[in-house]
Each structure stands twice: as structure tokens, then as C-alpha cells.
Amino acid sequence: MTDAHEPRTIELRIRRQDNPNSEPYWHHFALPVRAGANVVSALMDLRGQPVTTDGTRVDPVAFEHNCMEEVCGACAMLINGRPRPACSALLADLDSPVTLEPLPKFPVVRDLLVDRSRLLDNLKRVRAWVRIDGPWDTHEHPPRLSQQAWAANYLYSRCMNCGCCMAACPQFDQDRPFVGPAPLAQVRLMNAHPTGRYDKATRLHAIMAEGGLSDCGNAQNCVRVCPKEIPLTTAIGELGRQTTVQLLKDLFGGA
Amino acid sequence: MMNRGREVIVIGGGLGGLWATLTIAEAGHRVRLFSLFEVMRSHSVCAQGGINAVFDAKGEHDSVRQHIVDTIKGGSYLANQPPIQSMCEDAPGLIRTFERMGVTFSRTPEGQLDQRLFGGVKHRRTCFAGASTGQQLLHGVDQQVRRLEADDRVHKHEWWEFLSLVKDADGVCRGIVAMDLRSLEVRAFRADAVVLATGGLGQIYAPKTTCSTNSTGAAASRVYQQGARFANAEFFQFHPTAMLGEDKTRLMSEAARGEGGRIWVPRDPADRREPARIPEAERFYFLEDWYPAYGNTVPRDIASRAIWKVTRELGQGVGGSDRVYLDLTHLDRGFVASRLGAILSIYRKFAGSDPLQAPMEIFPAAHYAMGGLWVDYEKDTSTGGMRPGSPRNHATSIPGLYACGECDYAYHGANRLGANSLLSASYSGRVAGEAVVSYLNGLATGAEAMPAEYFDAEIRYQAQINQHFMHARGDQNPYHLHQALGALMTAKVGVVRNNAELDAAIAELAELEQRFARLDLAEANAWANQSLAHARQVFDMVKLAQVMAASARARDECRGAHYKPEFALEMPPDKYAGDPEFEAYRARWKANNAEWLKTTVAEYSTDSPRISFEPVDLSLLQPEQPRDYR
């Protein structure tokens, strides 16, 4: 048998861009990797020796990484055309050459580094929080919650804001107002919270405005690429019903 | 008079930093929150297991007193006891507050908070949110901070790196200098108080660490080099079972051993057969051999040392390398799948192989720094705990600078109890925030009165360092220097220590520092230059590694995670309290405490760290009983 710990050579095609206003270009690299190597570990190796296949020494590739356990969301990029976290993309499972591009729909900062601040701004737009009186103890027991309700909420609470769903969404783009799937799923989560539901109408009105829920084109790309398998389209469906009810309340009155 | 509307800077947006931000902003002060990246990506998200808080809801007669005792003993008595008391008392209130923020803690069938058992204790005391507790907690506080940000009460500076403090003529902290990680602009920010919440430093052992790649300790090192005292740097927890990786090593929960996993190596390290083809007789189950009573379920520190001995001292690692097998293949598949599903999926995802088919390959990994920036507290003599709201709580030795979270040293002594890290990070963030509010109330003049020249001088100095790093044309690559640091610290300031190797490490670290004079960044791009930021971090990591090595060298004993076999006190086998052999051992143990039960304090000086010691407050529980796992 071949020893799984012997390195083998892989090829990387990386789309590079020196700054937000410059033109992108491509660099090709070949480097030895070991079994279990992933896209981030290969990029880390490359930093110490960034030499292209034609022998040119180039600047190290800029990219983002932190937890390396697919829970912080930092390292999402386009890998062989698919948006996904790079730390859990094992090279052994990828077709060679491996093509790396920055996560689309977000402005490129440099190379594979993008600016996802719009995602975070959209969390503000939909008021994705529970309003509490203050960070002190109110000496009241947590409300009871069935395990079933807990499990349904937990799915949405695992969103790590990696932006993969936004990158895959045909409706979300820099010059369009659509808020995107991840913030919508947070509305679903906050509206189900025992006290978060007090602000349900405010959140629903936020997603009933321009760039809200009705901009979803139901392509279902989001749910296909979510690395945490969050049922984003289910959330969007539930919000559709919630906004319908809200609309009737707005028209005919009622709490 | 309330002194509202002051400016505070918080550096770091993990649990500690966000709790501090929330507390200070809710009190009416403006907070600038600095982070290397979007705060929700901080290392707090990695904690999977849970957070300790006594609710005594499992019919086990748990008590806050028992949580305090477990924390003190888990830390081998090295932590001051009043802060531990206050933390344990406040833990249930923290859980309730997280719930109000929207954290979805797991529930019992009755819909109440569920609690699970964690290592080192006898009571089910750990609250959890599925298998991602840290992420849930961090996101809960992150959402609250975003709420305040939307109201303009918090201003975030994400993608900024803290470089240094700015102090006035009296040594009081009056602001910081930071670098925009995109434009590389170096800028000063005035502040009436600064909170450092920059996390751990596991990257000093890279790649053999479970820590995130931004857990470098560089920020703590920078304030240490500006005069902040650093305590108990020799105490670093190594987790015995981390799956291997070139980039980092990933934690495999100790549940794998608890549920029947066996650790072994081939008797012949040159054996190249697939593990399944190696017959039982040719396997060395060294934990079962060496610790027949506990076998594979020995405590974390003992397991780490045994794996270290097999690989590094006996040269018996798999293929002669830093690997041993953690084997689940003999267990019932259905049982493993139901009990260890999370472990199986992590291993499959990141190693690309199935632990049900072939044993996992593991090695100990640097996991958590018990040591950190020295912080003060004010004891409340009426309760025995910390006085709530005292401006001394979590104050570093630099006036106006506070520290909380993993970058402080306060709660864990010589070793940390499982599921106490999310607790101490959250609790200390809140306490530091309250302390800052009190400090501001007593502040006569704010940073606005500081002459601009103090700030301008520090900007010039930091910009000069950048220029030097950018334009040096030597032969030393910063990424390779980081690798050299990690290998050196893993080999010589790691799981097992001895003074000859520590002396060698201290010499090698001095040499490593010198290599920065011959740096070559190999990158001239003045936009988002990650090599520059990394090189500066690695330099400061080397300075902190020197503190760790010097502190380890100074402590000639075994305590908690710090293990020097030369000074080990062996418990007499089969002897118990009352037996003369055991009582003689107890006397030696007490004599050792009389000499070594003290906090190590390091202070910066240009040649090498100055080490001194200070007493520990033992007012709640005196050390009478040695740890006994028999």
C-alpha cells in the first residue's frame, strides 16, 4: 500500500487581485501536500514559498482563516466554482487542478479576501437580536421550551455568517437591495424566541420593505450550499406565512 | 457625580471583550471595539462542550460551594480564591442572562435547562447548547453589541490590529496605537480606559494547537513589553487527544476514551502495516499497561504525558513520528454512532477517513493558557468574594488598562476545569466592564487633555517598525520563523519539562529573536499585507515565549499542567490516609506547597524577563488533601 503520509503534488489555480480597484489575474502553483490537507493548510504552506509553476516568486496569497473547524465562517471562498469554507475542503476530495476564487457578491479586498460587512449590516437591517433591558441578572428562571422547539431553533442558531448562501443566491448582489438568505433565517429564529417575538412585527416590516422577502426568487441555491445544512428555504417559507398574516393585521388591525 | 459619556477602547471581540463592551456601553459610555476580524469569528466559537453553573437540578445535591472547591482543586490551589468564589456564585445569573439574549440552551424533556457531566467533577453542572455552546454564547452577546452599534453606542473597528498603548507622564494608559490591516495606516485613538480581551496564545505551539490561527498572544505580549505584569506563564493545558493536521490539530473530545476508545501504538515503530492488520500481540496499549486501574480513562494531564513519553522519549510513535492510535473499531458501531456522533463527523470531515474503519491518529495539543496578564481584585471581607464594582477588579498593573478572558490569569490556577473557560471569559468580561465604569467615575481628567505629542510619538515609533519590517532584505521568512517557534516550544516548553532543555529553549529563543534582524517579508504590497502583520505578531510571540520558558525554568516542582519529572512527588501505592507512608507523603506535599504555592510574576526588562513570586489568597480552602485519583 502507499503510505498515506507521503506527500503528493497538487495544482492550485488562484484568482488574484492586488486591491479593490485593480484587475484580477491568475497564478498557478504546484505544491506537495499530505493526506488530510485542506485548502487552508495548502494556502498556509504556500505563504512560506509562493513560487508559481513557471518559477516566478510572487507575493503570498491573502486569505482569511481563523478557527479551522468550520465554525467561525472566516475562510469561505469559491472552490472549484462552489462557495464553501476552505478549512473543511479536503484536497483529496477535489478535482485537480483546484481553482480558488474569492467569495462572489462581496467586494474583493485583496486576492481571496473579501469584505462581508454588507452581511453584518443586513443583520442590523432586520434587527436580528432580542431586546433585553440590560446585561444584568433579572433573577427569573429561563422559560420552558420543548425539546422539539429547541431543536427547530437550534438549526438556525448554527449560522456562522460565512456568506456562502449569499454568494450562491442569484438575487443577492452588490448593486441590488435583496437582504439575502442568512439574515432572513435569523428573523425566523428571533421571531420564535419567547421574548424575541415581541418585536416580530418590526422585523417582519423590515423584510416586507424593498429588498426583503419578496425579492427571493426561490432558486434554492442557498440551502444547497449551506455548510451547516440550515433549512434556509424552510425559514423563507415560514416567513412568507408570517408576513402574510402581518399584512392582514396591518390592513385590518390587531396585535 | 456620575461621569458619563467617557471614551473606552475594548480590544478583542470574543466572549470577554463583548461582555465588557456591553457592560460599559449600557452604563452610558462610548466604546470603540477593535478586532483583527469580524468579532463573531473569535475563538470563543470553538468551545463545544458547555459552561458550568450550579442549578442543582439533577437530584445530586450540587452546590456553589462544590463548584468553588472543584475549581480551586482543579487548579492545584494556585488561583486566588475570592475571584473564584464570585465567579461561581454569579454563574447561574450569567446563564439566565444568556437565555434572555436568545441563546438556545439544550432542554430536558420538561423544557428546563439541561445539564451534563464534565471531566474532573462528580455533578452534572454543565449547561450546553447542542454541540456548539461557544458559538451560541458568542453570537448571543454579538447580537446585543450589534443592537448597541445600531444605536451608535458602540463603534466597531474590525480589521484593525492593536500595536501599543499610549501612556501619560504618570504611566496611566490614555489610548492606543493601532494599524488598519487593509490600508496599513497607523493611527492613535484616545481613550479614558482600555480593556484587553485578546484571548489565548496557543499559536506559540503551532501547528500542534487546538487554538484558532489568530490566538497568538501578540497583544498581551505588547502590553507586557510596555510594563504590564504577566503571571503564571508556565501553566498551559495540553489536551491529550487532538487529531493531527498540518494547519492545526483539532480537539477530539475525551468522550472517545470515556466510551471505550483504546490508545495504542505498534510494538515495532517501523511496522508499516495498516493498523487493522496488526495482531493484538503486536500492539502496545501503553495506558492500560502503565495505569491498570484507570487504563484509557486516566485524567487529561496523565494521558498527555504518557503519549509524550511513548513518542518523544521511547521513539515508539506510529511510524516513529508524533502519532498514536485512538481506536474505536472494536466497539459496536451502533453504540459508537449514537454516543460519539459529533466526534465521528469531525474526524470524517477533517481527516477524510472513518474512525469506524481505522483508528484515529492523535497527539497532545496546546489547548488553553491558564497564565496571562496579572490582574488585581478587591476582596470583600464581608463575603469572602470580590467586591462588586471595585475599580481594582481585573485592573492590570498599568493604571487605566484592564484585562479579561483567556488573556488574564485569574481563575484557573495551575490547570483549568472543563467548561470553566466559557464561564470565566463571560464573567470576567462583565466584571472588567463594571470595574472600568467605576474607574471612569473616579477619573479627574480624561484622555482629551493629553497633549497630541504623546500620540504622535507613538505613531512614529510604530510606523518605523513597519518600515523596518517592510524593507528588511535578509533571509528569514516570517512564516518559517513561526514554524521554528512552534517546534521549539512544543519540544522544550511543552507537556514534559526539564531544566536542561528549558535552559536550551531560553538560549534558542534569544537566537530566534535575533533572526528578526535578518527578516525578509518578501512582499512589498502596501495594501492588506498579511506578512507584515504576521511578522510583527511572531516577533511578539517570541517575546512571550521567553516569559513562558523563564517562568517554567523558575518553578522547580510539578503542579497542574506544569510537569518536571525531576521534582515529582510520588504517592505511595496502596497506602491511604493514616498509613505512615501516606502521612510522610502528605508532609512532603505540604512542605512543597509551603515552598511553591505562589504566583509567578514576570516583568519585562530588555535582556530577559524578571521573575518574582507573590502569595496566593487561600482564605476559602487550605490545601490539606493531595489529589488522589485512586
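This report covers the domains of chain A, the contact between chains A and B, and one strand of chain B in a predicted model.

## Two domains in chain A

The domain assignment splits chain A in two. Domain 1 spans 8–114, and domain 2 spans 117–252. Their C-alpha centres lie 31 Å apart.

The two domains touch. On one side are 15 residues of domain 1 of chain A; on the other are 14 residues of domain 2 of chain A. Within domain 1, strand β4 (residues 82–85) of chain A gives the most to this side, with four residues. By class, the domain 1 side has nine nonpolar, two polar and four charged residues.

## Where chain B meets chain A

Chain B also contacts chain A. Here 61 residues of chain B are in contact with 64 residues of chain A. Several helices of chain B each supply at least two residues, including α1 (15–26), α3 (81–101) and α15 (530–554). Which helix gives the most to this side of chain B? It is α4(B), with eight residues.

The chain B side can be sorted by class too. It has 14 nonpolar, 27 polar and 20 charged residues.

## A covered strand in chain B

Now look at strand β16 (residues 360–369) of chain B. This strand is mostly covered: ten of its ten residues are buried.

Strand β16(B) pairs with strand β11 (residues 236–243) of chain B. They are antiparallel and share six bridges. In this pairing, H239(B) stands opposite A365(B). Strand β15 (residues 324–327) of chain B also runs antiparallel to β16(B), joined by three bridges. There, V324(B) stands opposite I362(B).

Conventions: Residues numbered from 1 in each chain as written. Chains lettered and ligands numbered in written order. Predicted model: local features only at pLDDT ≥ 70, side-chain atom pairs only at ≥ 80, totals over all residues. Domains from an automatic or database assignment. Contact = placed C-beta atoms within 7 Å. Nonpolar A, V, L, I, M, F, W, Y, C, P; charged D, E, K, R; others polar. Buried ≥ 20, exposed ≤ 12 C-beta atoms within 10 Å, placed from the backbone. Pairing = 2+ DSSP bridges.
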